[in-house]
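Hi everyone, thanks for making time for this. I'd like to walk you through a structure that may be new to you, so please have a look at it with me.

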Amino acid sequence: MTTKRTRMSAEQRRESILAAATEVFVEFGYLRGKTAVVAARLGVSEPVVFQNFGTKSALFAAVVRRAADQVCGELDALADLPAAKVLAMFLDPGHLAHVHDAGNVGSLFAEAASVVDDPEVEAAARDATQRFATTLTGILARGRDAGELGPHLDPEAGAWWLLSLVASQRFRRATAPDAAGIEARLARATQQYLGSATGD
């Protein structure tokens with residue numbers, strides 16, 4: 001007796017391609033990542049990938065947006081924790097280093113932000129960053145309103161500060177004489193400022 005193979009829905013097929021493409025782009029990067037490798041990991045022909053996404057840049061843009069969904073979902077799942085604790089977890093030097101390590105989903109965002117002359121990828125990178133800012137703004141506002149953070153804290157400005165801190169972490173790791181020490185001090189200074197932010 002043969003087992004009847006269940007045909008994937010269009011949505012399931014797209015999701016399976018995105019999952020495989022995420023693995024490939026995390027492993028090889030955007031430029032070296034090949035759609036042929038994505039197809040091979042799924043056991044389909046390369047045209048199937050293009051039928052679903054059109055171009056490699058459209059596929060990468062979709063991967064970036066999907067990864068942003070996952071990151072924002074993980075942050076939203078921490079809503080029951082005190083905002084100050086979420087902030088401490090976010091600023092932990094080990095966490096920031098992990099975000100930038102090769103082979104982690106976080107490296108997708110840094111690479112997407114560095115792609116130029118590709119409107120689809122640029123738009124995906126911009127949208128992902130703005131979504132992160134919106135999510136962090138909500139966390140900081142919640143902490144301010146609960147009295148955990150400074151009463152005059154500007155949550156939106158604080159969110160963009162945090163994103164800038166994350167984006168520049170790779171630079172500090174490469175150039176600071178005591179990168180680990182600098183990261184720990186920056187984390188403490190940021191927590192102190194956000195916890196005691198005062199008006200002008």
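Let me start with a question: which residues lie nearest the centre of the largest pocket? Before I answer, please keep in mind that this is a predicted model. The residues to look for are Val71, Val99, Phe109, Phe132 and Val166, and they belong to a lining of 29 residues. Several helices come together around this pocket: helix 4 (56–76), helix 5, helix 6 (93–100), helix 7 (106–114), helix 8 and helix 9 (155–167) each give two or more residues to the lining. The space inside comes to about 870 Å³. As for the character of the lining, 19 of its residues are nonpolar, eight are polar and two are charged.

Now let's step back and take in the whole chain. The protein chain has 11 helices and zero strands, so to speak an alpha element at every step from the N terminus on. If you draw a box around the C-alpha atoms along the principal axes, you get roughly 70 × 40 × 35 Å. The chain has 200 residues, and 40% of them are buried.

Next, a look at enclosed space. How many cavities of 30 Å³ or more does a search of the whole structure find? The search finds one, and this cavity holds about 40 Å³ of space. You can find the cavity by its lining, which is made of Val86, Leu87, Phe90, Leu136, Ile139, Leu140 and Leu162. Two helices, helix 5 (83–91) and helix 8 (119–145), supply at least two of these residues each. The lining has seven nonpolar residues, with no polar and no charged ones. If helix 5 and helix 8 sound familiar, that's fair: both also give residues to the lining of the largest pocket.

Let's turn to the aromatic rings. The structure holds five aromatic pairs, and I'd like to show you two of them. In one, phenylalanine 25 and tyrosine 30 form a tilted pair, with 6.0 Å from centre to centre and 55 degrees between the planes. Both of these residues are buried. In the other, tyrosine 30 and phenylalanine 60 are stacked, with ring centres 4.5 Å apart and 25 degrees between the planes. This pair links distant parts of the chain: tyrosine 30 sits in helix 1 (residues 10–32) and phenylalanine 60 in helix 4, 30 residues apart.

Are tyrosine 30 and phenylalanine 60 buried or exposed? Tyrosine 30 counts as buried because its relative accessible area is 8%, under the 20% cut-off. Phenylalanine 60 is buried too, because its relative accessibility is 0%. Put together, the ring pairs link Phe25, Tyr30 and Phe60 into a cluster. There's one more neighbour to point out: lysine 56 lies over the face of tyrosine 30, 5.0 Å from the ring centre.

Finally, a word on annotation. Which residues does UniProt mark as a "DNA-binding region"? The record, an unreviewed entry, places that feature at residues 34–53. In the model, this span is 80% helix and 0% strand, and its end C-alpha atoms lie 14 Å apart.

That's my tour, and thanks for listening.

Methods
Residues numbered from 1 in each chain as written. Predicted model: local features only at pLDDT ≥ 70, side-chain atom pairs only at ≥ 80, totals over all residues. Heavy atoms only, no water. 1 Å grid on protein atoms, 1.4 Å probe; cavity = no way out; pocket = protein on both sides within 12 Å on 5 of 7 lines; lining within 4 Å. Points joined across faces, edges and corners; volume = space filled by probe spheres on them. Helix = DSSP H or I, 4+ residues; strand = E, 2+ residues; numbered from the N terminus. Nonpolar A, V, L, I, M, F, W, Y, C, P; charged D, E, K, R; others polar. UniProt positions renumbered as here; feature names shortened; annotations may be inferred. Phe/Tyr/Trp six-rings, centres within 6.5 Å; stacked < 30°, edge-to-face > 60°. Buried < 20%, exposed > 50% of the residue type's maximum accessible area, 1.4 Å probe, protein only. Lys NZ or Arg CZ within 6 Å of the ring centre and 35° of its normal.
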